[in-house]
Every structure is written in C-alpha cells, then in structure tokens.
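Please look over the chain below. This report covers a pocket, an annotated domain and one loop residue.

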Amino acid sequence: MSDSTINLAQVRRDLHAIPELALHEVQTQQYLKKTIAAFASDFLTIKEVPEVETALLVRLAGSNSEKTIGYRADIDALPIEEETGLPFASKHPGVMHACGHDIHMTVALGILAYFAKNQPKDNLIFIFQPAEESEAGGKRLYEAGALTGDFKPDELYALHDQPAMPAGQIATKKGTLFAGTTEIHLQIVGQGGHAAYPQQAKDALVAAAAFVSQVQTVVSRNVDPIHGGVVTIGSFHAGTIGNVIAGEAKLAGTIRAFTQADLEMMQKRVRAIADGIAVAFGVQMNLELIQGGYYPVENDPKTTAAFMAFMEEDPEVDFAEAQPAMTGEDFGFLLNKFPGTMFWLGVGDPKHSLHDARLNPDEQALNAGVQAMVAYFKQRMAQ
C-alpha cells in the first residue's frame, strides 16, 4: 500500500518464524509492540492486559470520536512440525503458523500502519488476541473487561485466511459463517484382565468402541439435515498388548454445529450416550465437554450488509459470497457481544488446507487484504 510504513511480506515472514502456542505468545507480542511503536503518533495508544498477558490492544483516537470501529487479529500458532522448507520456516520445533495467524496479524498491522499515518475520522481499536486455537482467548479478554471504555467497539471485524480461495479474494455471508464447537474429552475406567478371562474384567476398549459407534447417530438422527452438524472422535487410546483386556481408554473429539441450540442439543445427546454406555458395560465414564468461548460465528445483519455491498461494488476487490463452513473460531464469542463481521481472505494454496504442515500462503493476499479494509473503513467512517 503506498501509504504503508511497513514491508508486509517481511513482517509476515518475521512472524511466521516465531510461532508460539496459546497464552505463550511472548516473542510475538514483543515483535508486535516494537513494530507498532514505530507508528508512534499523538493519537495512538498501546495497552496491555494483565489478566491476559500476551494480548495487545491499540487505539487510534479519531478526529471525530463518536464511534469506535474494532479489528481483531489472533496471534497464536499450532503444535505442528513445519514441513514447508521455507527459508523463514518456524524456528520453534513442533510449532507452526499452520492456520495463517501470521497472515492475520500482518494484515492488521498494515491497516494500523495506514491509519497511524492518516488519522481516522472514527476511533479505531486493534485487538491482537492470543489463544484462538485453544484456551478461548476472545472470551478471556472480554471477561477481563479489556473491551470496555475507550476500547469498547461499536462494531467489530476480523478475517480468516482460506487457502482454497485465490490470493486476495474476499468472501463472507450474512448469518452464520462458521460453526460453534465443543471439545470432547472422555476417560473410560473399567477393569483390566487377562484376554482368556473376559468375565473377570470390564473392557474399557470395547466400551470405547461402542461409544464411538453410537455417537455417529447424534447428527444423523437428531440434527435437522438442513442445519448440519459434526461429531468426530479424532483420538482413541486404549490397551498396551494384544492379550490383555484394557482397563482404561481415553478419547478426544469435537462437536460442531451452525446454531447454539443445535450445539447444546448435541452435547446432551453425547452425554446421554456416555451415561448409557456406563450402565451397559459397567464402566465409569468421565466425560468432559468443553465449549469455552467457541460460539458459532454469526455475522451481524447490518455490518455484513454494508461490508458485502462495499466489497461487491469496489472494482479493486475480488469478492465472492461464501458458503457456511464447519470451521470453528473463537471470534464467535466476540460477535455474540458486539455487532460485526468475519470474512475469508483467500491465500491461494489449494494443495494444502488449514492446519497442514505444508501450508504456504501466497503473500500477494496481504496487500489486497490491507487495501480492501482500509478502503472499507474509510467509507464506513464517512457515513
């Protein structure tokens, strides 16, 4: 962007090289602070949040301070060993920006750089939020009271990169964009024994297998087919050797739905199945369902209508209407508290999906994302 004071590609590469897990984004926060400090102006304020130590908030006081527009970027990474072979690949073993949060932060910094140099009409706040992938960072910030007073947005925006879309393309929809999620953690405690004497044991592995099989009916027989939903058990650990009956099993999975009502109903059905398995197999089912702050991402009708109309009419923007996705995002919690819009930004790597160790976004998306959001915010402020 002509008025930007940062090299977007270099910033993205710097951030990509230092990925950190949820609530441990210390280096990332230091990099953000150093970069933003270089934008210093008499209308820029940086704020830290003691209750969420790695969070960073930035406020640009507008020349007409009647309204506050917020923009959120998540800053954490995933426990994935990077396999891209890039010269700026992760320096932290076993951790990678495999969900593109380095892209998210860089676009936010690009927008911030522009408005730090060109004072906005309305107040602008930037929320660099930790712990999106786990630990519900958005909810933590809200409950810490960080988004109040001068840092309370009247409307709030955020993007998520999408490798399946062309670099720079923007897409969203009215209503629910992403699903709400609930994590499943289950420990089954039975009684181990010799494989030759099953009558003397309580087989945790067989009970676990029954649970996995039965939860497949939660969606197919309880959720309206038009609504959609997912119950996936992605981790199953039981037993140590073939001639010993397992006395314990541990499972982990996820529940996903497009409405909070469906999500809560599915939670009840999973719990009911666990209770039934406990009785049928004589085992103890220690089930933990963790929803935290992962609500469905429900775009606000007014802000989304304005956003879509602008993006569709701007000849510089490649815009497409999105379909809902089962992707989970803790921005859903913040949209439950403030009106706003989340959108996809295409990053042009169709061979690799989000959370893939080989994900390599096309950096041309950076400038396209910054330009589109700067133009939209300027138009939004002029209204």
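The sections below take these topics in turn.

## Model

The structure is a predicted model.

## Largest pocket

The largest pocket holds about 650 Å³ of space. Its lining is made up of 27 residues. Nearest the centre of the pocket lie Leu78, Glu133, Arg256, Gly328 and His355.

What is the make-up of the lining of the largest pocket, in nonpolar, polar and charged residues? There are 11 nonpolar, 12 polar and 4 charged residues. Four strands each give the lining at least two residues: E5 (155-162), E7 (175-189), E11 (248-257) and E15 (325-328).

## Annotated domain

An unreviewed UniProt entry lists residues 180-276 as "domain: Peptidase M20 dimerisation". In the model, helix accounts for 33% of residues 180-276, and strand for 35%. The C-alpha atoms at the two ends of this stretch are 26 Å apart.

## Glu83

Glu83 sits in a loop. Strand E3 (68-74) and helix H3 (101-117) flank that loop.

Is Glu83 buried or exposed? Glu83 has a relative accessible area of 54%. Exposed means over 50%, so Glu83 counts as exposed.

Which residues does Glu83 contact, leaving aside its neighbours within four places in sequence? Ala357 and Arg358 are the contacts. Asp356 is 273 residues from Glu83 along the chain, yet the C-alpha atoms of Glu83 and Asp356 are separated by 8.8 Å.

Terms used
Residues are numbered from 1 along each chain as its sequence is written. This is a predicted model: local features need pLDDT of at least 70, side-chain atom pairs count only at pLDDT 80 or more; totals for chains, interfaces and linings use all residues. Side-chain values use heavy atoms; hydrogens and water are left out. On a 1 Å grid over the protein atoms alone, a cavity is a set of points where a 1.4 Å probe fits but cannot get out, and a pocket is an open set with protein on both sides within 12 Å along at least five of seven lines; lining residues have an atom within 4 Å of a point. Grid points are joined across faces, edges and corners, and a volume is the space filled by probe spheres set on the points. Ala, Val, Leu, Ile, Met, Phe, Trp, Tyr, Cys and Pro count as nonpolar, Asp, Glu, Lys and Arg as charged, and the others, Gly among them, as polar. UniProt positions are given in the numbering used here, feature names are shortened, and annotations may be inferred rather than shown by experiment. Buried means under 20% relative accessible area, exposed over 50%, partly exposed in between (1.4 Å probe, protein chains only). Contact means heavy atoms within 4.5 Å.
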